[in-house]
Amino acid sequence: SSDGAVVRSVNEWIRGLKPGTATITATAGGRSATLRVTVKAKVSDRATVWYKPSKSVRDGVVLWWRVSGSTGAAVRVPLTPACDGWYSAVLDASKDQELKLVFDVDGVWDTQTGTVNGSPKGYYGKGSSIAVTGGNAVSGVTPGCAVKK
């Protein structure tokens, strides 16, 4: 990395350490390539969402999220399998913001049942970790899985 204080490559993963921009260079077989990386927030300051669907997943799990109370468009984030049926993603959202979360599992919405004013009800949580399963969202817990960063 051109700035090890901003971003570091560890075991084939790129880890953001603090806001800023750096260049990662990879070399193999006598060839090299570079990638410019911008870190928007420290990983420790961002929210990680954990989700365990109530049924087996065939095609994938997608999270739609936005800051609670925001009228802006929701952000689409595919979740990554983590462990024991859990899926996860680290969001570009501060752990200090309350988030509204809605999940799409193989084309079926999990919105915590129902709608409000025509929009999916959604799950709400705040903090560095939000776990959603069984119709409940709990902040401040993790299912014991390691998130690949």
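Where does D106 lie? I opened the notebook with this residue and found D106 in the loop between β10 and β11. I note at the outset that the model is a predicted one.

**Entry on backbone angles**

I looked up phi for D106 and read a positive value of about 50°, although the residue is not a glycine. For background, I recorded that most residues other than glycine have a negative phi. I then checked the accessibility of D106: its relative accessible area is 15%, under the 20% limit, and therefore D106 is buried.

I turned next to D84, which also is not a glycine and has a positive phi of about 50°. I located D84 in the loop between β8 (80-81) and β9. Is D84 buried or exposed? I read a relative accessibility of 62% for D84, so it counts as exposed.

**Entry on aromatic pairs**

How many aromatic pairs does the structure hold? I counted three aromatic pairs. I examined Y51 and F103: their ring centres are 3.9 Å apart and their planes stand at 10°, so I entered the pair as stacked. I placed Y51 in strand β5 (residues 46-52) and F103 in strand β10 (residues 99-105); the pair therefore ties together parts that are 52 residues apart in sequence. Y51 and F103 are both buried.

I then examined W64 and W109. The centres of these two rings are 6.5 Å apart and the planes are at 50°, so this pair is tilted. The pair links distant parts of the chain, with W64 in strand β6 (residues 61-67) and W109 in strand β11 (residues 108-110), 45 residues apart. I looked up accessibility for each ring residue: W64, at 28%, counts as partly exposed, and W109, at 48%, counts as partly exposed as well.

I also traced a cluster, in which ring pairs link Y51, F103 and Y123.

**Entry on strand β5**

Since Y51 lies in β5, I looked up the surroundings of that strand. Why is β5 described as largely enclosed by the rest of the structure? I found six of its seven residues buried, which is the reason for that description.

Which strands are joined to β5 by five bridges? I recorded β9 (residues 87-94), running antiparallel to β5, and β15 (residues 129-133), running parallel to β5. As specific contacts, I noted that R46 has S94 as its bridge partner in β9, and that V49 stands opposite I130 in β15.

Note on methods
Residues are numbered from 1 along each chain as its sequence is written. This is a predicted model: local features need pLDDT of at least 70, side-chain atom pairs count only at pLDDT 80 or more; totals for chains, interfaces and linings use all residues. Side-chain values use heavy atoms; hydrogens and water are left out. Rings of Phe, Tyr and Trp (its six-membered ring) pair if their centres lie within 6.5 Å; planes under 30 degrees apart count as stacked, over 60 as edge-to-face and the rest as tilted. Helices (H or I, at least four residues) and strands (E, at least two) are DSSP runs, numbered from the N terminus. Buried means under 20% relative accessible area, exposed over 50%, partly exposed in between (1.4 Å probe, protein chains only). Two strands pair if DSSP finds at least two bridges between them.
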